[in-house]
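Here's a look at how two protein chains sit together. Take a moment with the structure, then read on.

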Amino acid sequence: MGEVELSCRAYIKMFLHSCLFPRCSINGLLLSSSPAGGAVCVTDCVPMLHSHLPLAPITQLALTQVDVWCSQTQQRIVGYYQANACVSDSSPTQCALKIADKIAEQFDNAVLLMLDGGKMSPDYRVPPIVMYERKDSRWMLKDKHTIMLRQWEETRAIASQMLESGDHMLLVDFDSHLDDITKDWTNQKLNTKIAELASPANGNI
Amino acid sequence: MASISEMYDVGWEEMRDKLRKWREDNCRNSEQIVDVGEELISEHASKLGDDIWIIYEQVMIAALDCSRDDLALTCLQELRKQFPDSHRVKRLSGMRLEALERYDEANKHYDAILQDDPTNTAARKRKISILKAQGKSTEAIRELNEYLEQFVGDQEAWHELSELYINEHDYGKAAFCLEELMMTNPHNHLYCEQYAEVKYTQGGLENLELSRKYFAQALRLNNRNMRALFGLYMSASHIAASPKVSAKVKKDNVKYAAWAATQINRAYKVKLSIWTATKSSLLHLFSKMD
């Protein structure tokens, strides 16, 4: 199948989301602002939940709200990410497969991304992600060579730096938004910070 | 780096009181506890009197949570010196071994406690936590069920069991646990709301009606619970849209949904005069879900 590019902004927000809730399973949606066709460019993500991932109501609500926001901002939902609380197991759960299936109904080349908690320590130089794509109604491991993270070293450095400075505390997921609706689940403040730290070459794809 | 007392202009008494509040509220803000506790212990230990032991315990657990084994060991050693034969301290030793993923050794500690005192609930719960950490959900669920047969009033255990069942997609059993919790905590809006979410997830008309009732109950207990408000809107809308309901039921649920929609709009208007994206997306949300 095709290539997938993961932007600096998308990676950093997923990374910060998992750092903000290290004791929970977390999930979110992967978005693209690029036109369909060719490589799938994941340009942004929306962090969704950090509790009760398998329960339906809030997931449905989040999917609908993000869908609407995307149609207003020329983006589309192209995938789903999850990080399991149990660091030793980074395989997709039933609920991950379910939600990814739903996204694949609307977007053929949907991706399912699992964050590997075991590989997120500073000494790991490789992106701690495992990607799956849909082949014959099943989610199969994607060939690593079709996954691109431009400027990975810089992205990794920015992620570490933001974690050190406590910027993960600024991240808002949908769960947090429901606890306090003044909080912005599109994370504009964080997006700005990331843009300030990233070089022009590491900007939007 | 500046100390906590410098950064926040607080004295040691305020730091001690903050730690007490976090203990009482059972907060898991481990990074903060470590920051405040470490400074309190190293600079003001002599002023704390007998409080120091419970603070050592609190800081030790927080340190384990933050992978600060150095600090955890320091606290543990002080506690061991002061309380050499204590089961409570032995349990802390076990927890440290768990943090280091030395589960077999940790289990030996807990088994030793249980040999001495079979009613020690803390040790039993740690053993169940180990099963959970090892990904052995089925065993954890079985052990927790056995535990609850003996200790039927343990709220924390019932809630833990409901979480385990939810992760296994066993919604019927999760609902049962939440029913126990609602019975003993009728004023807790969170249990009502979680129960409603489980019922909604189970699906089917009967469950949807139950979920709507419990979302409404959660709102009665706390009218600012946004999850309950959205849940009420969604469940009422789904019921109203079902071909199996009578005209009256449909009419009632349309009313409930409309009421919820008004409340949601009102909540967002009040809080978000500057954020238009949500407002318009909410309008779309309602039209899409009808």
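## Where two chains meet

An unreviewed UniProt entry annotates residues 4-138 of chain A as "domain: MPN"; such annotations may be inferred rather than shown by experiment. The C-alpha atoms at the two ends of residues 4-138 of chain A are 18 Å apart, and the span is 32% helix and 30% strand. Helices (H or I, at least four residues) and strands (E, at least two) are DSSP runs, numbered from the N terminus.

Keep in mind that this is a predicted model, where local features need pLDDT of at least 70 and side-chain atom pairs count only at pLDDT 80 or more, while totals for chains, interfaces and linings use all residues. Residues are numbered from 1 along each chain as its sequence is written, and side-chain values use heavy atoms, with hydrogens and water left out.

Now for the meeting of chain A and chain B:

| What is counted between chain A and chain B | Value |
|---|---|
| Residues of chain A in contact (heavy atoms within 4.5 Å) with chain B | 28 residues |
| Residues of chain B in contact with chain A | 36 residues |
| Salt bridges (side-chain nitrogen of Lys or Arg within 4 Å of a carboxyl oxygen of Asp or Glu) | four salt bridges |

One salt bridge joins the side chains of B:R227 and A:D179, at 2.9 Å from N to O. On the side of chain A that touches chain B, α2 (56-72), α3 (94-106) and α5 (174-179) each supply at least two residues. Which helix gives the most to that side? That's α2(A), with eleven residues.

Note on methods
Chains lettered and ligands numbered in written order.
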